[in-house]
Amino acid sequence: MILVTGASGTVGSEVVKALGGTGARVRAGYRTRPRNIPQGVESVGVDFDDRDTVAAALMGVETVFLLSNMVDPERKVVDEAKRAGVKRIVKLSVNGADKEAFTFARWHHAVEKHIEGSGLAWTFLRPAGFMQNFFNYMGDTIRKQNAFYTATGTKGAGAHIDARDIGAVAARVLTGQGHDGKRYELTGSEALTYDRAAEILSRAVGREIKHVPITPEQFRQGALAMGMPAPYVDALVDLDRAYAEGTLTDVTSTVKTLTGRDPIRFEQFAKDYADRFRP
């Protein structure tokens, strides 16, 4: 049995979909119940802060796909998994976690080190920023103002990856052999500036979309006004600093190595999700 945590989210939902065609026994763990659970997939509510829900979700599980941005809750899930007899953890981490060059990397590396010390078998998936974040976090202003705002400057770039590719890789790792002890850096096929991303989105939706650079403090105040917790906002500001400094531009061939196909290009992503950017 494979437990997929965060099953209602951007990546977790893609992992569940990709596992759907493998014949594996899958349990989807969610905090907010997903709308469409694939046929044959169990579902269970999981709150990382509620040990009883975690213990119930882990019953009979051999492999856990661990997904969150929270250090202490993830550590607790790892400890609970060990007590429950889980054999392996596949953790969704972040690109370059071991370098700890930005806040999210430091958070995820702390959990990676805890997993390494747990005695459980493990694999770390370290993706670049998700293409889907363009509509998750920037979609509202793109739809209403034909613009999106970052603190990356005009030259900031990232090797963004489509969440569908992460799902495909995760399914291979979760159901395959030979992945224990591996750290997989996952990226798209190229590093894109945000100005270039705006050009591609413009063509996909049929109207001009602009990338507007703002200061880190402007970015921070805007995110706080949206109701985001301050520690998470500060992590986002620090992530934009990493993009601005070129920290996240390395491109890997890992997606193709593990799936047998090239990663989805940003042009294809923009075409597939064009409706998410239209008013």
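An open sheet of 7 strands runs through this predicted model, in the order E3-E2-E1-E4-E5-E6-E9 with parallel pairing. Strands here are DSSP runs of E with at least two residues, helices are runs of H or I with at least four residues, and both are numbered from the N terminus. Two strands pair if DSSP finds at least two bridges between them. At the edges sit strand E3 (42–45) and strand E9 (182–186), each pairing on one side only. Neighbouring strands of the sheet are turned by 20 degrees against each other on average, direction ignored. Strand E2 (residues 26–30) pairs with E3 in the parallel sense over 4 bridges, and Ala28 has Ser43 in E3 as its bridge partner.

A word on the ground rules: residues are numbered from 1 along each chain as its sequence is written. Local features need pLDDT of at least 70 and side-chain atom pairs count only at pLDDT 80 or more, while totals for chains, interfaces and linings use all residues, and side-chain values use heavy atoms, with hydrogens and water left out.

Now for the helices. Helix H1 (residues 10–19) lies across strand E1 (2–4), E2, strand E4 (63–66) and strand E5 (88–92), and runs at about 150 degrees to E1. Helix H7 (residues 163–175) lies across E1, E4, E5, strand E6 (121–127) and E9, at about 170 degrees to E5. Axes are lines fitted to C-alpha atoms (for helices, over the stretch in contact), and angles run from 0 to 180 degrees between N-to-C directions; contact means heavy atoms within 4.5 Å.

Helix H4 (residues 103–116) and helix H10 (residues 230–244) have axes that come within 7 Å and cross at roughly 115 degrees. That makes H4 roughly perpendicular to H10 (65 to 115 degrees counts as such). Thr103, Phe104, Arg106 and Trp107 in H4 meet residues of H10 including Pro231, Tyr232 and Leu239. The residues of this contact divide into 7 nonpolar, 1 polar and 2 charged. Nonpolar covers Ala, Val, Leu, Ile, Met, Phe, Trp, Tyr, Cys and Pro, charged covers Asp, Glu, Lys and Arg, and the others, Gly among them, are polar.

Notes. Angles under 35 degrees count as roughly parallel, over 145 as roughly antiparallel, 65 to 115 as roughly perpendicular and the rest as oblique.
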